[in-house]
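This report examines how the parts of one protein chain are arranged. Please look at the sequence and the structure before reading on.

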Amino acid sequence: MWIEITTKPHLKDVRKIALQHSIKEDLGVDAEVTKTADIYYIRGNFSDEQMQLIGRTITDAIAQSFSCNPVQKEDGWIIIVKYKPRITDPVEQSVLKAISDVGLQTEAATMMQKYVLKAQKQDAERICKELLANENAHDYYIGNKAIDIK
């Protein structure tokens, strides 16, 4: 099961703004960032109510909104970036603790970053490789379809 967390629509998405600036100024690429999100893949068998509880626990209710197991058709190239299995992510450790603090148990949690870009495919690949992912530390996916995130 997974939770997608985004900046609330009425607030500025500073990650989106910064990435848009870097794409234009650093790479000189014509591309539009249409969405950024954090995705948490939570391994375990949870009810809808438990997933909502986890979502509320790991989300900043003032600045962020979340959805559980969203199936969305995105308009553009989807880039998913996550740490390689051998790299410890402190955010994942915090999520595991938060889940335990509300009385639930999970096998594992994986944090990923999601970006949606309107760009040519080669530009999306360049943006991913030069701005979003470090090949030594990250695995990534670039595609134009929703994927089964795990």
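The report below treats the sheet, its strands, two helices, two single residues and a pocket.

**The sheet**

The model is a predicted one. It contains an open sheet of 6 strands in the order β3-β1-β2-β5-β4-β6, and the pairing is antiparallel. At the edges stand β3 (64-68) and β6, each of which pairs on one side only. On average, and with direction ignored, neighbouring strands of this sheet are turned by 25° against each other. Helix α1 packs on the sheet, where it touches β2 (32-43) and β5. The direction of α1 makes about 130° with that of β2.

**Strand β4 and its partners**

Is strand β4 enclosed or open to the outside? Of the 7 residues of β4 (residues 77-83), 5 are buried, so this strand is largely enclosed by the rest of the structure. β4 pairs in the antiparallel sense with β5 (residues 108-118) over 6 bridges. With β6 (residues 138-143), β4 likewise forms an antiparallel pairing over 6 bridges. The table lists individual residues of β4 with their partners.

| Residue in β4 | Residue opposite | Strand of that residue |
|---|---|---|
| K82 | M112 | β5 |
| I80 | Y141 | β6 |
| Y83 | H138 | β6 |

**Helix α4**

Helix α4 covers residues 121-132, and its residues D123, A124, I127, C128 and L132 are buried. Seen down the axis of α4, these buried residues fall within an arc of 140°, so they line one face of the helix. A general rule helps in reading such a pattern: an α-helix has 3.6 residues a turn, so residues three or four places apart point the same way. On the other side of α4, Q122 and K129 are exposed. What do the buried residues of α4 pack against? They pack against α1 (14-27), β4, β5 and β6.

**Two single residues**

A124, which is found in helix α4, has a relative accessibility of 0% and counts as buried. Leaving out residues up to four places away in sequence, A124 touches W77, I79, L117, A119 and I142. A124 and Q52 are 72 residues apart in sequence, and their C-alpha atoms are 33 Å apart in space.

T6 is found in strand β1 (residues 2-7). Why does T6, with a relative accessible area of 18%, count as buried? The term applies to residues under 20% relative accessible area, and T6, at 18%, is therefore buried. Neighbours within four places in sequence aside, T6 is in contact with K35, T36, A37, A63, Q64 and S65.

**The largest pocket**

The largest pocket holds about 210 Å³ of space. It is lined by 14 residues, of which P85, I87, E92, A109 and T110 are the closest to its centre. Which elements each supply at least two residues of the lining? They are β4, α3 (90-101) and β5. Strand β4 thus appears both in the lining of the largest pocket and among the elements against which the buried residues of α4 pack.

Notes
Residues are numbered from 1 along each chain as its sequence is written. This is a predicted model: local features need pLDDT of at least 70, side-chain atom pairs count only at pLDDT 80 or more; totals for chains, interfaces and linings use all residues. Side-chain values use heavy atoms; hydrogens and water are left out. Buried means under 20% relative accessible area, exposed over 50%, partly exposed in between (1.4 Å probe, protein chains only). Helices (H or I, at least four residues) and strands (E, at least two) are DSSP runs, numbered from the N terminus. Two strands pair if DSSP finds at least two bridges between them. The arc is that of the directions from the helix axis to the C-beta atoms. Contact means heavy atoms within 4.5 Å. Axes are lines fitted to C-alpha atoms, for helices over the stretch in contact, and angles run from 0 to 180 degrees between N-to-C directions. On a 1 Å grid over the protein atoms alone, a cavity is a set of points where a 1.4 Å probe fits but cannot get out, and a pocket is an open set with protein on both sides within 12 Å along at least five of seven lines; lining residues have an atom within 4 Å of a point. Grid points are joined across faces, edges and corners, and a volume is the space filled by probe spheres set on the points.
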